[in-house]
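Colleague: Could you walk me through this one and show me the reasoning behind the labels?

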Amino acid sequence: MRLEEKLYLLRHVVDEESHIRVDQEQCAKCVDRVCLDICPANVYSYSGDRVFVAYENCVECGTCRIACPFIDWRNPLGGTGISYRFG
Amino acid sequence: MTEKFDAVVVGAGPAGTTSAMVMAKGGVNVAIVERGEFPGSKNVIGGVLYAHTLNQMMPGFWKEAPLERNVVWHSYCIMGRGEHTMVGYKHEGSADSPNGFTVLRSKFDRWYARKAEEAGATLILKTNVTELLSSGGKVYGVKTDRGDLESDVVVVSEGANTMLCEKAGLMGKPRPDQMAVAVREIVALPSDKIQERFGLKENEGAAIHYLGSLFRGLVGFGFLYTNRDSISVGLGATVSSMMKAHVRPYDLMERFKEDPSVEHFIRGGLVKEYQAHMIPEGGYGGMPRLYADGVLVAGDSAMLSNPITGEGADLAILSGRLAGEAVVRARRLGDYSTRTLSAYGRALGDSFALRDMKKQAGLLKYVEENVEMVDAYSEAVNAALKEWFSVDGATREEKARRIRGTVISKRPLGKVLMDLWVIWRKLL
């Protein structure tokens, strides 16, 4: 089963504003690009030297925040974000 | 908008809700602030809620709580390549003294929070606490995205990803080796099929922990828990070991589900939900300050989890109860200073939970530094049993000699002795 199909099963209440900020200058210099591997929801992707953040797919585990010092991750606005049915 | 309560609890998980329940029963005007749509909407449990600490709070809770199955079969599966070894313990379930239950948090937490409300706590949903309000080192409430709430004391129980503790200076940001990332899927299967596959009666459940070759290079394990009409299947590993191995959690998950030791249990099931969460694994050394002037920390936020047994929710309940009791006492004394709240630290320190964590301190670090041992032992166990069960003309004596040789070829004797010594010292 592909990740896209799994993510499609999830219920999110999407906020208009992203709760994740990255430092593009650092991202451009980054060699490890650990965000690409570690995020269970594939929120991060690179296009050239720029990182794109699909924050609306975030499942709020916070792992990226632990793995990368340049990701500014906050809880999304109260009542928004992931809402598990079988948590 | 500024409202005043005696106490504010951040997060309606098992720790926060328990503390609020104890406080409300003790006459404390308490509010629980939860950022989700409903309690449990952002929470994931590996699988088993051990009954002991909740039973102390609510004797016989299983008669009314929304639980999945009473776990009567605990098992380890040591995965090899195209082979595996299973070791387990199963008993005739006792309805009067259950050891643990599988639960789904979206149901359980919601029910549990309602119990706290019935006891008199106020539940505020869809509200995110962004920081603690403090003045002169004393916490006096919380700032939320919907206004401030003032209180004499705050219980921080916001889960594994605890930014409030960091902002308040109660701990530094956890290192990648102090946190694990876990992914899980809910695979739907009819309940009679689950009972048939696992050899269970109605309401009985199984818990299987997987170690071995799939997790090569990772400080991690897989799991499988039976719910009423679904199976929770998943895995977790320390963030640092996942980073080192450059493994994507969902790729590992697919390989896990395809392994014959897992596949035959979930075959034909329909994936209903995919989930991810962090597990605090910093152990005793990674814990934040548990109390300060006007603030207490409980549950996952306090790094209370035991990777050996998979305990977490039960420790959250224990810490929530002790935090709640400390607040009730503080209110009676009219003093919420560090000195008064230190009663919480002492009570938790005396508990089995912290005594275990103290003893196990450094165990995970040892495993991470010697991560090849997990694979070596898994291979050795599978190879030894393969040898033992196969009939190939060799005598049993010869086979025993071969097995000894296999084990020693996987890991040098000196290291085996060292491993045994560490395990002895940290666990027993």
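Modeller: Gladly! Read along the sequence, chain A runs α-β-β-α-α-β-β-α-β-β, with 4 helices and 6 strands. Keep in mind that this is a predicted model.

Colleague: What makes the radius of gyration of chain A agree with that of a compact globule?

Modeller: The globule rule for 87 residues gives a value near 12 Å, and chain A has 13 Å, so the two agree. The C-alpha trace of chain A spans about 40 × 30 × 20 Å along its principal axes, and 43% of the 87 residues count as buried. Among contacts in chain A between residues at least 6 apart in sequence, 65% join residues at least 24 apart.

Colleague: How many residues of each chain take part in the contact?

Modeller: Chain A gives 28 residues and chain B gives 42. On the side of chain A that touches chain B, the elements giving two or more residues are helix H1 (3-8), helix H3 (34-38) and helix H4 (63-67) of chain A. By class, that side of chain A has 17 nonpolar, 7 polar and 4 charged residues.

Colleague: Now chain B. Which domains does chain B have?

Modeller: Domain 1 is made of 2-68 + 103-172 + 286-360, domain 2 covers 177-280 and domain 3 covers 370-427. The C-alpha centres of domain 1 and domain 3 of chain B are 44 Å apart.

Colleague: In helix H12 of chain B, which residues are buried, and how do you know that they share a side?

Modeller: In H12(B), residues 352-360, the buried ones are Ala353(B), Leu354(B) and Met357(B). They cover an arc of only 85° around the axis, so they sit on the same side of H12(B). An α-helix has 3.6 residues a turn, so residues three or four places apart point the same way. On the other side of H12(B), Phe352(B) and Lys358(B) are exposed.

Colleague: What do the buried residues of H12(B) pack against?

Modeller: They pack against helix H9 (283-286), helix H10 (313-333) and helix H11 (338-350) of chain B. Just after H12(B), Gly362(B) takes a positive phi of about 95°.

Colleague: Which residues other than glycine have a positive phi?

Modeller: Lys126(B) is one of them, with a phi of about 55°, and His246(B) is another, with a phi near 50°. They are worth pointing out because most residues other than glycine have a negative phi. Lys126(B) is in the loop between strand S7 (122-124) and strand S8 (129-135) of chain B, while His246(B) is in the loop between helix H6 (239-245) and helix H7 (249-258) of chain B.

Colleague: Why is Lys126(B) called partly exposed?

Modeller: Buried takes 20 or more other C-beta atoms within 10 Å, and exposed takes 12 or fewer. Lys126(B) has 18 C-beta neighbours inside 10 Å, so Lys126(B) counts as partly exposed. His246(B) has 13 C-beta neighbours inside 10 Å, so His246(B) counts as partly exposed.

Colleague: And why is Val416(B) called partly exposed?

Modeller: Val416(B) has 17 other C-beta atoms within 10 Å, so partly exposed is the label for Val416(B). Val416(B) is found in helix H16 (residues 413-427) of chain B. Val416(B) and Val44(B) are 372 residues apart in sequence and 36 Å apart in space, C-alpha to C-alpha.

Colleague: What makes strand S10 of chain B mostly covered?

Modeller: In S10(B), residues 147-156, 7 of the 10 residues are buried. Strand S9 (residues 138-144) of chain B pairs with S10(B) in the antiparallel sense over 4 bridges, with Gly141(B) partnering Glu150(B). A hairpin through 2 residues joins S9(B) to S10(B). S10(B) also runs parallel to strand S17 (residues 295-297) of chain B, joined by 3 bridges, and Val154(B) has Val295(B) as its bridge partner there.

Colleague: How do you know that strand S12 of chain B is mostly covered?

Modeller: In S12(B), residues 204-212, 9 of the 9 residues are buried. Glu204(B), Ala206(B), Ile208(B), Tyr210(B) and Gly212(B) point one way, Gly205(B), Ala207(B), His209(B) and Leu211(B) the other way, and all are buried.

Colleague: Which strands pair with S12(B)?

Modeller: Strand S4 (residues 69-79) of chain B pairs with S12(B) in the parallel sense over 9 bridges, and Met79(B) stands opposite Gly212(B). Strand S13 (residues 220-226) of chain B runs antiparallel to S12(B), with 4 bridges, and Leu224(B) stands opposite Ile208(B).

Notes. Residues are numbered from 1 along each chain as its sequence is written. Chains are lettered from A and ligands numbered from 1 in the order in which they are written. This is a predicted model: local features need pLDDT of at least 70, side-chain atom pairs count only at pLDDT 80 or more; totals for chains, interfaces and linings use all residues. The arc is that of the directions from the helix axis to the C-beta atoms. Two residues are in contact if their C-beta atoms, placed from the backbone, lie within 7 Å. Ala, Val, Leu, Ile, Met, Phe, Trp, Tyr, Cys and Pro count as nonpolar, Asp, Glu, Lys and Arg as charged, and the others, Gly among them, as polar. Domain bounds come from an automatic or database domain assignment. The radius of gyration is taken over C-alpha atoms; the globule rule is 2.2 Å times the number of residues to the power 0.38. Two strands pair if DSSP finds at least two bridges between them.
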